[in-house]
Amino acid sequence: MSTIEIQHEAGYTGYVSEEHHHDYAGDTLLGFWIYIMSDCILFATLFATYAVLSGSFAGGLTPADLFDLNFVAVETGLLLFSSFTFGMAMLGAQQKNMTQLLLWLGITFALGGGFLSMELYEFYHFSHEGAGPTSSAYWSAFYALVGTHGLHVFAGMFWMVILVIHILKDGITAENHTRLSCLSLFWHFLDIIWICVFSMVYLMGVM
Amino acid sequence: MATQTHGGAAHGSVKEYIWGLVWSIVLTAIPFALVMSGSLSNGLTLAIILLCAVAQVFVQLVFFLHMNGDSDQMWNTTSGVFIVLIVAIVVLGSIWIMQHLNHNMLMGH
């Protein structure tokens with residue numbers, strides 16, 4: 001199916017004639033959305049692995065021994081709130097308000113950093129207690145799943161830094177706005193994955 | 001600028017984001033409180049955790065990602081529904097198959 005047909009069917013009839021234009025938001029965002037959908041499959045395989053191995057402790061430590069729900073609640077709060085602050089940054093970008101955009105992006109970055117630090121501390125703590133990635137099939141699956149999510153958060157923060165450099169250099173241009181919209185999709189997607197992680201791994205783990 | 005409303009990132013408002021945040025907090029607090037207090041039976045708690053998780057995913061999609069039934073989001077929605085199907089097959093299928101395998105190998109209960 002040709003690009004024009006896709007645009008037409010998706011309702012993008014307004015700018016089919018601009019096909020030679022090298023970056024317009026609709027196609028870029030749809031493409032990025034499809035990347036995110038493929039990332040969903042990556043996480044689905046990790047969740048499936050985790051579910052299958054959720055009872056394989058090899059006689060070692062179980063999640064109920066180690067998980068601290070108060071700690072996880074704070075972690076979750078940080079990430080949830082960062083989803084909200086990213087939304088506020090997007091509003092700043094739409095209003096061409098540089099101060100608002102950078103301020104909220106800064107807060108989002110800090111919240112992401114807080115989340116990641118807590119996760120790393122947790123990994124360190126668990127490994128120290130004797131539940132490292134090699135301890136049992138369960139812990140391998142745990143570190144693979146939660147670690148992959150953490151890596152995504154790290155990538156999102158790295159991207160945020162690069163984007164802020166772009167914005168400081170060129171201002172809130174149409175291209176930077178598209179990039180910001182993609183990062184916004186990515187960041188909210190990570191929040192959605194975390195909802196599944198805290199429900200399936202942490203809450204069900206201590207039940 | 002008009003192009004930026006297409007392809008999955010429609011404009012939001014402060015009110016929308018605040019509602020999204022409030023709903024997220026409520027739907028996170030309920031399962032955490034239930035598991036921490038342990039006041040309900042395991043089966044019921046499990047059902048509520050799953051219900052809250054699914055509800056919160058929808059809250060995020062609607063309030064933060066601004067998904068709705070608009071025709072200009074048709075491809076986002078179509079691919080999304082397709083992925084949900086694939087994810088369900090991968091996750092539920094794996095659990096189903098491996099449980100039967102464990103059962104046949106007499107590895108557990």
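This passage describes the contact between chain A and chain B, the confidence of the prediction, and the salt bridges.

The structure is a predicted model, in which local features need pLDDT of at least 70 and side-chain atom pairs count only at pLDDT 80 or more, while totals for chains, interfaces and linings use all residues. Residues are numbered from 1 along each chain as its sequence is written, chains are lettered from A and ligands numbered from 1 in the order in which they are written, and side-chain values use heavy atoms, with hydrogens and water left out.

For the complex, the predictor gives an ipTM of 0.84 and a pTM of 0.86. Chain B has a mean pLDDT (the predictor's confidence in each residue, from 0 to 100) of 84, with 86% of its residues at 70 or more. Among the helices of chain B (helices are DSSP runs of H or I, at least four residues, numbered from the N terminus), confidence is highest in α1 (residues 14-37), at a mean of 94, and lowest in α3 (residues 74-104), at 90. Residues 1-9 of chain B have pLDDT below 50, although beyond near neighbours in sequence this stretch has 28 contacts in the model (heavy atoms within 4.5 Å). Where pLDDT is low, the predicted coordinates should not be read in detail.

Turning to the interface, 47 residues from chain A meet 49 residues from chain B. The buried area (accessible area, 1.4 Å probe, that two parts lose on being put together, summed over both) is about 4300 Å², and carbon and sulfur atoms give 81% of it. On the chain A side, A:W33, A:F84 and A:M207 lose the most area to chain B, together 14% of what that side buries. Between the two chains there are zero salt bridges (a side-chain nitrogen of Lys or Arg within 4 Å of a carboxyl oxygen of Asp or Glu).

Helices α1 (3-9), α2 (25-52), α4 (69-94) and α7 (174-206) of chain A each supply at least two residues of the side that touches chain B, and α4(A) gives the most, with 14 residues.

Over all chains, the whole structure holds two salt bridges. In one of them, A:D170 pairs with A:K169, the closest N and O atoms being 3.9 Å apart. A:K169 is exposed (over 50% relative accessible area, 1.4 Å probe, protein chains only), at 67%, whereas A:D170 is partly exposed (20% to 50%), at 41%. A:R179 and A:E175 also form a salt bridge, at 3.7 Å from N to O. These two residues, A:R179 and A:E175, lie four residues apart in helix α7 of chain A, so about one helical turn separates them.
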